[in-house]
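Biologist: Could you walk me through how a few labels were assigned here? I would like to hear the reasoning behind each one.
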Amino acid sequence: MNSLELLNLLQLSDSAFPIGSFSHSCGLESAVQHGLIKSKDDLRSVIIACLENTGSFSLPFVTEAYNKSWDSAEIQRLDNFHHISVSNHVANRASSKQGKSLLGTVVQVYQFDELITLSKHLQHCHYAVLFGVVFSVVGMDLKTTQTAFMSGVLRTIISSAVRLDQIGPIEAQKIQLDLLSIIPDIILRNDNKTSADASIKSPILDISQNSHDILFSKLFYS
Amino acid sequence: MKRRGEGTVVVDAVRTYQPRVARAKYEKSQASCIKHSYPLKFLIPQYACETNCCWIYPITYGGGLVEGDHIDIAFHIKQNCCAVITSQESTKVYGCEKNIVTKQMLQYQVDDDALLCLLGDPIVCFKDASYTQSQEIRMTAEGNIVLLDLLSAGRIARGESWQLTSFKNSLLVYIDDQPVFNEVSHLENTPWLSVHASMSEYEILGTCIVIGNNVKNLVEILCKKYSAQKKIGERGDKRLLCSISKLEYTIEKKTILGCYLRFLTSASKAYEIIDEIVQPLLPIIGTNPYHNKY
């Protein structure tokens with residue numbers, strides 16, 4: 001990777017890139033309110049469960065969208081398939097919101113013609129699908145795309161843990177550093193999967209996230 | 001020895017010269033075609049209930065599925081019919097030693113104004129079991145389904161708790177050949193998280209899907225109960241995780257409603273939820289398939 005590519009990657013994966021991931025907790029807020037997190041170890045297992053689910057469910061969509069980014073009919077099919085595969089309405093809404101923001105921002109910032117055409121055809125704009133497409137069009141390699149995707153999810157859930165007052169900012173960075181090391185293994189295990197193999201590994205976090213909307217008070221959107 | 005059982009059941013309305021009872025939504029339903037091969041078999045009692053519903057019990061010789069068993073069943077519920085597919089007891093999946101997966105592939109076809117209720121007992125995966133189940137439902141826009149899928153932690157009384165090797169469950173629903181619902185869960189140990197470590201507090205994982213305009217009263221009851229906003233200061237209960245999402249599909253300008261309910265809790269709490277699902281169906285299906293089982 002040359003320095004221009006690295007700078008490009010840093011810009012795209014920066015938390016200042018306006019896709020709104022700061023308003024999502026990946027189900028952590030509901031898990032906290034359901035009493036699932038009583039210790040630092042509980043928090044660690046919930047974050048691992050979130051990463052495992054991301055790897056087994058979302059990553060196959062990222063990979064397939066990356067490989068088929070030139071084929072708009074296939075991307076539409078993937079987007080629709082992602083939509084029917086997430087009947088948890090909270091997760092579905094979070095994915096579609098972030099995907100729309102990602103596409104909208106990239107279209108305005110980079111002005112790629114293929115993305116402008118695609119934005120007119122996609123019905124739901126799911127985040128994992130759009131992430132694969134955008135990184136492919138921008139010219140990143142597949143490994144970088146997958147790693148950046150996983151790292152973005154880890155950053156989002158870690159930063160929400162700080163804002164939910166579960167850990168302090170320094171402790172958060174320690175956990176993040178520690179968990180960085182499991183990402184390559186998760187990618188490796190899910191590398192050959194396509195959207196047809198996408199599955200949820202740990203239903204606990206998904207079920208608790210699904211009841212996010214009925215919480216009396218909440219800080220996050222999902 | 002690997003056993004492969006295949007079967008087909010077609011449920012059709014009984015043609016009689018008596019006028020159709022005006023009150024009954026579904027016609028007198030009975031199996032018009034039954035095919036099966038060892039180790040699979042069907043029990044279809046003639047008098048399972050007082051209503052017009054047909055009750056089907058798929059069973060396997062030996063009372064469970066052993067390593068390498070492969071069961072393939074296709075059910076077809078024809079127009080205006082009502083069927084309950086259930087079990088006499090839990091489906092046991094024995095441990096696997098040679099790393100051969102035990103499989104069940106179930107297909108259901110539901111025609112116009114028909115109702116299919118899948119109300120089986122939990123799947124019990126023993127220690128080291130490796131099980132794959134796929135359920136595919138093809139319904140028409142006028143069809144109706146109530147699917148309840150239960151997985152237990154294992155032989156709870158023996159202290160077994162989520163010690164299975166792999167459990168893969170996929171559920172796919174088509175309405176008029178258009179895929180509308182897909183859920184795949186795969187419980188297995190990863191280097192960073194074991195199934196036991198993450199699930200040990202719970203005894204039953206349940207998924208319930210209700211779709212169709214004839215079962216909208218059940219959808220309303222479940223949505224009202226489980227999507228009620230929490231009150232000020234009220235926290236969720238760790239021992240009872242339960243969530244619901246409304247389903248809404250538009251197929252050729254027709255709107256079809258439904259709901260998707262999931263729960264993860266103790267066996268006794270799970271049966272309270274199951275009761276809430278079954279009670280509104282009793283006028284149609286006649287009796288409670290979970291009666292006296294817990």
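Modeller: Gladly! Angles under 35 degrees count as roughly parallel, over 145 as roughly antiparallel, 65 to 115 as roughly perpendicular and the rest as oblique. Keep in mind that this is a predicted model.

Biologist: Why are H8(A) and H10(A) called oblique to each other?
Modeller: Helix H8 (residues 142-163) and helix H10 (residues 183-190) of chain A pack at about 125°, with axes 10 Å apart. That angle falls in none of the named ranges, so the pair is oblique. The crossing of H8(A) past H10(A) is right-handed.

Biologist: Which residues of H8(A) and H10(A) meet?
Modeller: Lys143(A), Gln146(A), Thr147(A), Met150(A), Ser151(A) and Leu154(A) of H8(A) touch Ile183(A), Ile186(A) and Ile187(A) of H10(A). By class, that contact has 5 nonpolar, 3 polar and 1 charged residues.

Biologist: What makes His124(A) count as buried or exposed?
Modeller: Its relative accessibility is 14%, and buried means under 20%, so His124(A) is buried. His124(A) sits in the loop between helices H6 (113-121) and H7 (127-138) of chain A.

Biologist: How do you know that the side chains of His124(A) and His83(A) make a polar contact?
Modeller: They are joined at 3.4 Å, and the cut-off is within 3.5 Å.

Biologist: And what makes Lys253(B) buried or exposed?
Modeller: Lys253(B) has 82% relative accessibility; exposed means over 50%, so it is exposed. Lys253(B) also has a positive phi of about 70°, although it is not a glycine. Its place is the loop between strands S16 (240-251) and S17 (254-265) of chain B.

Definitions and conventions
Residues numbered from 1 in each chain as written. Chains lettered and ligands numbered in written order. Predicted model: local features only at pLDDT ≥ 70, side-chain atom pairs only at ≥ 80, totals over all residues. Heavy atoms only, no water. Axes fitted to C-alpha atoms, helices over the stretch in contact; angles between N-to-C directions. Helix = DSSP H or I, 4+ residues; strand = E, 2+ residues; numbered from the N terminus. Left-handed = near helix turned anticlockwise from the far one by under 90°. Contact = heavy atoms within 4.5 Å. Nonpolar A, V, L, I, M, F, W, Y, C, P; charged D, E, K, R; others polar. Buried < 20%, exposed > 50% of the residue type's maximum accessible area, 1.4 Å probe, protein only. Polar contact = N/O pair within 3.5 Å; in protein donor to acceptor, adjacent residues only side chain to side chain.
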